[in-house]
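User: I am new to this structure and would like a close look at one part of it. Could you walk me through the nonpolar core and what lies around it?

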Amino acid sequence: MGDINQLPPVQGASVLAHAMTKWPTFALEKPHRTALDSPIIANAHRILQGKSPQLDEKRFLMLDLPVDGIMAANKILSVVKKLNAIGKYDPMRDVTIVPQNKSPIGQIALNQKMVQIFNPVKKVNDVPVNPKIIIKAGYHKVIFAVGDKIMITSNERKLGLTNGMIGVIHSLKPNPQFRGDHLDQLDKGTESASGTKFSLDEVDLLQEVEQLEEKEKAQIEEEENERQASHIMEIQFQNMDDTIEFSTAGAFKKIVHSYAITCHKAQGGEYHTVVCGVHSSNGVMLCREWLYTALTRAQEKIILLCDQKGLHKAIHTQRLKGNTVQDKIKHFIHLETMNEGKGADKPNLWEPAKINTTVEIATTGATSANRGVQ
């Protein structure tokens, strides 16, 4: 089950698209997330047809962005700040969606500014109660404070966490098991190899190093999953009663600020209000699937900020061409045929005849109303 009009996965094969070429396919056309007369749904369908969205003064607002990337970022920040000031934007309920991690209007740059807006350092008797703390986490250093809105970017099944879950930092304290990080010393006295000429023996050595790179990465990741960070962070995730504790270097690599997030990170989630930045400086990421996915994250209201070049590219660029499910399946098969022999990964799917059409739900502990449901 899925939506072929949304963004495909970042890594690995698109299981949904492959399944649609092999299994009987049915399209559900009645939306349940939002009211049928919602301008969000109407504009989502317009985008899928290659048409520009239409303004709705209450639920689908559209504002122009300057062509300059830095000026565009400043306008996004200004709009979010003003909406928050009049009670129309709650950072813990709403979200700002952007195309990329890096760039002036990427999630990294915007989060650095938005955390100052929504969780500035507060003082009691001139003593900061939520100071910004530099946390040493293996090879990395990250900065967080109590009260920051964060997201986990991987599945942690043992903790009951899934990729994209939102939380708030409940506490930060020194980690008594931290033994210091001496990796900084490895950088002292080293020089860039840029422009250096190597002998043949040195070239062979470099090739061996490259071959070991993947093994080293895996080893580093395993070490960081065990190595203690300089601080212990407790996070209160939404819809969870207890806080979750993080203390290893590897864990801190999976925690990011989430006032602004990419559309890929927002996928699967829903928010009361979505501020969406569409700008030509992020043109490499913009496509119809991206815009459709971003806008359909909203339950009640959209504020779309865009320059015309960026919006035009997003509406008229398709990853899977066609206006119907059948058209998209045909285009996907065409792409797969072109990529045959290039090592493209394909999921291992059951044959249709082997799929059970009904699955009996376990009744242990079920109420009488649920017992025997198929």
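Analyst: Happy to help; we will start with the core, then turn to a nearby loop in the sequence, the salt bridges and the confidence values.

Please keep in mind that this is a predicted model. The largest nonpolar core has 31 residues, and Val278, Trp290, Leu291 and Leu304 are the ones that touch the most other members. Several elements each supply at least two residues of this core: α2 (39–48), β2, α8 (263–266), β13 (271–278), α9, β14 and α10 (308–316). Helix α9 gives the most, with five residues.

Val278 is a good place to rest your eye. Leaving aside residues up to four places away in sequence, Val278 touches Leu286, Trp290 and Leu291, and also Leu304, Leu305 and Cys306, among others. Its partners further include Leu65, Asp307, Gly310, Leu311 and Ala314. There is also a second, separate core of 21 residues, which includes Leu161, Leu172, Met233 and Ile255.

Now follow the chain from α9 (288–295) to β14 (298–306): the loop between them holds Thr296. Thr296 counts as buried because its relative accessible area is 12%, under the 20% cut-off. A polar atom of its side chain lies 3.2 Å from the backbone oxygen of Thr293.

Strand β14 also takes part in a salt bridge. Arg59 pairs with Glu300, with the closest N and O atoms 3.5 Å apart. Arg59 sits in the loop between α2 and β1 (60–64) and Glu300 in β14, so this pair links distant parts of the chain, 241 residues apart. Both partners are partly exposed: Arg59 at 22% relative accessibility and Glu300 at 37%.

The count of salt bridges comes to four, and here are two others. Glu156 and Lys254 meet at 3.1 Å, N to O. Glu156 lies in the loop between β7 and β8 (166–174) and Lys254 in the loop between α7 (249–252) and β11 (255–257), so the pair ties together parts that are 98 residues apart in sequence. Asp148 and Lys132 meet at 3.9 Å; Asp148 is buried at 1% relative accessibility, whereas Lys132 is partly exposed at 34%.

Finally, a word on confidence. The mean pLDDT of the chain is 82, and 78% of its residues reach 70 or more. Among the elements, strand β2 has the highest mean, 97, and helix α5 (residues 183–187) the lowest, 30. The pLDDT is below 50 over residues 181–206, a stretch with 10 contacts beyond near neighbours in sequence. Where pLDDT is low, the predicted coordinates should not be read in detail.

Methods:
Residues are numbered from 1 along each chain as its sequence is written. This is a predicted model: local features need pLDDT of at least 70, side-chain atom pairs count only at pLDDT 80 or more; totals for chains, interfaces and linings use all residues. Side-chain values use heavy atoms; hydrogens and water are left out. Helices (H or I, at least four residues) and strands (E, at least two) are DSSP runs, numbered from the N terminus. Buried means under 20% relative accessible area, exposed over 50%, partly exposed in between (1.4 Å probe, protein chains only). A polar contact is a pair of N or O atoms within 3.5 Å; within protein, one must be able to donate a hydrogen and the other to accept it, and residues adjacent in sequence count only if both atoms are side-chain atoms. pLDDT is the predictor's confidence in each residue, from 0 to 100. Contact means heavy atoms within 4.5 Å. A nonpolar core is a set of buried Ala, Val, Leu, Ile, Met, Phe, Trp, Tyr and Cys residues joined through side-chain atoms within 4.5 Å. A salt bridge is a side-chain nitrogen of Lys or Arg within 4 Å of a carboxyl oxygen of Asp or Glu.
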